[in-house]
Amino acid sequence: MNIKNHSKQKKYSSFIPKTELKFYINKQKRYQEITQILRRLYLQTYRRPSSLLLSIVQPLLWLMLFGALFQNAPIYLFEQCSVKYREFLNPGIIVFTGFNSSISAGLPIVFDREFGFLNRILISPISKKNSLIYSCIIHTWTITITQILTVISITLYQNHSVHQFNIEELLINISITTIIIINISNISICNAFILPGHVEFIAITNLLVNLPTLFGSTALAPLSFMPTWLQIISCINPLTYAIEIIRHYKLNTLFTLSTKIINTHWLQINTVEGISILVIINTLSLIVVKEVIKYKYD
């Protein structure tokens with residue numbers, strides 16, 4: 001009997017899918033799922049261009065109003081370097097633009113939950129529910145990078161420094177803001193699956209998260225201007241590390257990976273440590289949002 005079964009297995013072994021083939025099919029299917037969900041998200045953005053334009057105008061208003069309000073601020077804002085406040089403010093506005101856009105990354109999922117479209121996606125033969133996360137992050141990243149490039153272009157034009165455009169600086173800006181975009185998008189998507197509706201989602205993101213995160217960072221003022229309790233909050237805030245890396249690269253002519261981006265009497269952090277903190281927080285947030293989806297819908 002065993003010999004007979006063995007001969008049958010040998011006879012039909014050529015029909016058994018190989019692991020590599022199965023992996024390739026799953027990978028191709030996941031790519032198609034992400035592409036189709038992305039296509040729907042881009043179509044929504046295309047049909048609502050006003051939201052895209054307003055999200056571009058908002059950081060420009062911050063830049064213009066705060067730049068004009070503190071244009072006569074002390075010129076030694078950045079260590080011992082003589083810089084104008086607008087130059088000091090630019091990195092903060094760039095990072096906050098990424099934060100402000102990515103904090104709303106989960107809003108489409110909230111509306112899909114309320115209108116019942118998310119249930120259609122979940123009961124469809126989708127191979128990995130993580131495709132929802134990846135598609136939302138990619139969509140948010142493309143929209144946010146477009147906004148950041150617009151802000152940088154207008155800033156260069158206003159400062160009459162188009163000839164000083166540095167491609168390496170642009171890549172640093174995009175790389176650091178990408179980490180922030182992914183991190184905050186993960187948190188936003190996690191809230192989209194946990195909170196009951198869009199009213200609670202908008203209330204938490206706009207009222208309790210948005211402005212406190214901005215003022216609890218070094219976007220508008222250096223750590224040396226803050227009291228100790230606010231310095232502690234700023235050093236907990238991941239936006240501070242992203243802002244300081246971009247700011248030191250832009251304004252510090254002696255910038256290296258060992259340059260101290262946080263330098264207080266109770267905490268010193270260099271560039272490598274700052275990037276490591278951002279990557280660790282990013283990884284943890286991605287794991288958390290995957291576990292939330294797995295717990296609620298698997």
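Reader: How many helices and strands does the protein have?

Author: The protein has twelve helices and two strands. Keep in mind that this is a predicted model. Going along the sequence, the pattern reads α-α-α-α-α-α-α-α-α-α-α-β-β-α.

Reader: And what share of the residues counts as buried?

Author: Of the 298 residues, 44% count as buried. As for contacts between residues at least 6 apart in sequence, 75% of them join residues at least 24 apart.

Reader: Let's look at helix pairs. Why is H3 called oblique to H7?

Author: Start with the angle: helix H3 (residues 49-69) and helix H7 (residues 130-158) pack at about 40°, and their axes are 10 Å apart. Roughly parallel would need an angle under 35 degrees, and roughly perpendicular covers 65 to 115. About 40° fits neither of those, so H3 is oblique to H7. The crossing of H3 past H7 is right-handed.

Reader: Which residues make the contact between H3 and H7?

Author: On the H3 side they are Leu52, Ser55, Ile56, Pro59, Leu60 and Leu63, and on the H7 side Ile143, Gln147, Thr150, Val151, Ile154 and Thr155. Sorted by class, the contact of H3 with H7 has eight nonpolar and four polar residues, with no charged ones.

Reader: What makes H4 roughly antiparallel to H7?

Author: Again, it's the angle. H4 and H7 pack at about 160°, with axes 9 Å apart. The label roughly antiparallel applies to angles over 145 degrees, so H4 counts as roughly antiparallel to H7. This crossing is right-handed.

Reader: Which residues meet where H4 packs on H7?

Author: From H4 there are Arg86, Asn90, Ile93, Ile94, Thr97, Gly98, Ser101 and Ser102. They meet Thr140, Thr144, Gln147, Ile148, Val151, Ile152, Thr155 and Gln158 of H7. By class, the contact of H4 with H7 divides into five nonpolar, ten polar and one charged.

Reader: Thr144 is in that list. How do you know whether Thr144 is buried or exposed?

Author: Thr144, which is found in helix H7, has a relative accessible area of 0%. Buried means under 20%, so Thr144 is buried. Setting aside residues up to four places away in sequence, Thr144 touches Thr97, Gly98, Ser101, Ser102 and Ile181.

Reader: What about Thr97: buried or exposed, and why?

Author: Thr97 lies in helix H4 (residues 85-102). Its relative accessibility is 3%, and the cut-off for buried is under 20%, so Thr97 counts as buried. Not counting residues up to four places away in sequence, Thr97 touches Pro59, Thr144, Gln147, Ile148 and Val151.

Reader: And Asn100, how would you class that one by its relative accessible area?

Author: Asn100 is also placed in helix H4. With a relative accessible area of 15%, set against the limit of under 20%, Asn100 is buried. Leaving out residues up to four places away in sequence, Asn100 touches Gln58 and Asn210. Asn100 and Thr144 are 44 residues apart in sequence, yet 8.9 Å apart in space, C-alpha to C-alpha.

Reader: What makes Leu132 count as buried?

Author: Leu132 sits in helix H7. Its relative accessibility is 5%; that is under 20%, so Leu132 counts as buried. Apart from its neighbours within four places in sequence, Leu132 is in contact with Ile37, Leu118, Ile121, Leu122 and Phe193. Leu132 and Ile121 are eleven residues apart along the chain, and their C-alpha atoms are separated by 9.2 Å.

Reader: Why is Val272 called partly exposed?

Author: Val272 has its place in helix H12 (residues 271-297). The relative accessible area of Val272 is 40%. Buried would take under 20% and exposed over 50%, so Val272 falls in between and is partly exposed. The C-alpha atoms of Val272 and Thr259 are separated by 8.6 Å, with their positions 13 residues apart along the chain.

Reader: One last thing: how many disulfides are there, and by what rule?

Author: The count comes to zero disulfides. The rule asks for a pair of cysteine sulfur atoms within 2.5 Å, and a count of zero means that no pair meets it.

Reader: What makes Cys190 and Cys235 buried, then?

Author: That label comes from accessible area. Cys190 has a relative accessible area of 10% and Cys235 has 7% relative accessibility. Buried means under 20%, so Cys190 is buried and Cys235 counts as buried too.

Technical notes:
Residues are numbered from 1 along each chain as its sequence is written. This is a predicted model: local features need pLDDT of at least 70, side-chain atom pairs count only at pLDDT 80 or more; totals for chains, interfaces and linings use all residues. Side-chain values use heavy atoms; hydrogens and water are left out. Buried means under 20% relative accessible area, exposed over 50%, partly exposed in between (1.4 Å probe, protein chains only). Axes are lines fitted to C-alpha atoms, for helices over the stretch in contact, and angles run from 0 to 180 degrees between N-to-C directions. Helices (H or I, at least four residues) and strands (E, at least two) are DSSP runs, numbered from the N terminus. A crossing is left-handed if the near helix is turned anticlockwise from the far one by less than a right angle, and right-handed if clockwise. Contact means heavy atoms within 4.5 Å. Ala, Val, Leu, Ile, Met, Phe, Trp, Tyr, Cys and Pro count as nonpolar, Asp, Glu, Lys and Arg as charged, and the others, Gly among them, as polar.
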